[in-house]
Amino acid sequence: MALPESLKSRLRLPVVGSPLFIISNPDLVIAQCKAGIVGSFPSLNARPIEELDRWLQRISEELAAYDAENPDKPSAPYAVNLIVHGSNNRLQEDLELCVKYKVPVVITSLGAKEFVNEAIHSYGGIVLHDIINNRFAKKAIEKGADGLIAVAAGAGGHAGTTSPFALVQEIREWFNGPLLLSGSIACGTSILAALAMGADLAYIGSAFIATDEANAEEAYKQAIVDYNSSDIVYSNLFTGVHGNYLAPSIRDAGLDPDNLPVSDPSAMDFGSGGNTDAKAWKNIWGCGQGIGAVKSVGPAAGLVAKLTEEYDEARARLAAIA
């Protein structure tokens, strides 16, 4: 497919580490990029706005220094996630800093805005927009996004309900540009499966929660190891948008994961817990259904190495069959 050379030539594994609210930080992003996959973080993780300036400066400088020392094995590009929703009163400031540092890849979520795409395109950046259905995919491309992130059933965070097979197939009927797939991808075989379906890159988040660099409580990291798909609940209570969360964390917050009320979607409120005292991502732990593949907590580079080994083995098996 039409993957930009600026991405394709710098990846050692066809993976983007998805932006994890609260959890993604410069340590994790830099480790992911040095390991050969795109590392990303939500701009709102850096608070106040001055912190975002410091984060972008550090990431840019450390990756540039690494590339100078490793010209034969340069780092992958990094990405910043912008929440393009009316509730984000920092969007313009964050966008200006992305332009200032010429962030290579910008991931937009919860709305598609032409002025955002135009600003990123002004310096040659790439915009990838995450969507949960084909209708939103078409709107994103119409408004100038370069590529799409198909957030299918089983993905962590604000996931959709459509099978990845159906979602990729529907998008590929009309779109031949960059397409990423998210949804229960936590091992190398799933990366290869995503490409076989028609995606250009796999989009992996939950597995990176269980890494040394991630800004998550140790109990959260261990929960990713200890639990599996049967321990995940799909609810819109905590932010107004449906997402996948670990049932044990919901119980620990004093709620019944099997009997959660429905939230008002118009009162979208990221991280505040809506009408509850439980805060999404902080003490209500989000993750995708693929966590059963995560067996231990360790460095991000080690996880990328494991994914690469599994991916190469899966490719070799298919080649032997053919």
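## A walk across the sheet

Start by selecting strand S5 (residues 126-131) and strand S6 (residues 147-151): the two run parallel and are joined by four bridges. Keep in mind as you look around that this model is predicted. For one pair across these strands, pick Asp130 in the first of them and Ile149 in S6, which stand opposite each other.

**Zoom out to the whole sheet.** Now show the strands together. Eight of them make up an open sheet with parallel pairing, and the order to follow across it is S1-S8-S7-S6-S5-S4-S3-S2. Colour strand S1 (15-17) and strand S2 (39-42) next: these are the edges, and each has a single partner strand, so one side of each is left without a neighbour in the sheet. If you look along the sheet, neighbouring strands are turned by 25° against each other on average, direction ignored.

**Step from S6 to S7.** Go back to S6 and add S7, which runs parallel to S6 and is joined to it by four bridges. Click on Ala150, and you will find its bridge partner in S7, Leu181. Which residues of strand S7 (residues 179-182) point one way, and which the other? Leu179 and Leu181 point one way, Leu180 and Ser182 the other, and all are buried. This fits a broader pattern: in a regular strand the side chains alternate between the two faces of the sheet.

**Cross over to S3 and S4.** On this part of the tour, select S3 and S4, a parallel pair joined by five bridges. Ala79 is a good residue to centre on, as it stands opposite Val105 in S4. Strand S4 (residues 105-109) is mostly covered, with five of its five residues buried. Turn the view to check both faces: Val105, Ile107 and Ser109 lie on one side, Val106 and Thr108 on the other, and all are buried.

**Add a helix.** Bring in helix H3 (residues 49-69), which lies across S2 and strand S3 (78-83) and runs at about 160° to S3.

**Look into a pocket.** H3 also leads to the second largest pocket, where it gives the largest share of the lining, five residues. Helix H1 (5-8) and H3 each supply at least two residues of that lining. The second largest pocket holds about 290 Å³ of space. It is lined by 18 residues, and the closest to its centre are Arg10, Ala76, Pro77, Tyr78 and Pro104. Colour the lining by class and you should see 11 nonpolar, four polar and three charged residues.

**Two single residues to finish.** Select Gln32, in helix H2 (residues 26-35). Is Gln32 buried or exposed? Its relative accessible area is 1%, so Gln32 is buried. Leaving aside residues up to four places away in sequence, Gln32 touches Gly17, Ile37, Val38, Gly39, Ser40 and Phe208.

Last, select Ala159, in the loop between S6 and helix H7 (164-172). Ala159 is buried too, with a relative accessible area of 3%. Show what surrounds Ala159: with residues up to four places away in sequence not counted, it touches Ile132, Val151, Ala152, Tyr234, His242, Gly243 and Asn244. To close the loop with your starting point, draw a distance from Ala159 to Asp130: they are 29 residues apart along the chain, and their C-alpha atoms are separated by 9.9 Å.

Methods: Residues numbered from 1 in each chain as written. Predicted model: local features only at pLDDT ≥ 70, side-chain atom pairs only at ≥ 80, totals over all residues. Heavy atoms only, no water. Pairing = 2+ DSSP bridges. Axes fitted to C-alpha atoms, helices over the stretch in contact; angles between N-to-C directions. Contact = heavy atoms within 4.5 Å. Buried < 20%, exposed > 50% of the residue type's maximum accessible area, 1.4 Å probe, protein only. 1 Å grid on protein atoms, 1.4 Å probe; cavity = no way out; pocket = protein on both sides within 12 Å on 5 of 7 lines; lining within 4 Å. Points joined across faces, edges and corners; volume = space filled by probe spheres on them. Nonpolar A, V, L, I, M, F, W, Y, C, P; charged D, E, K, R; others polar.
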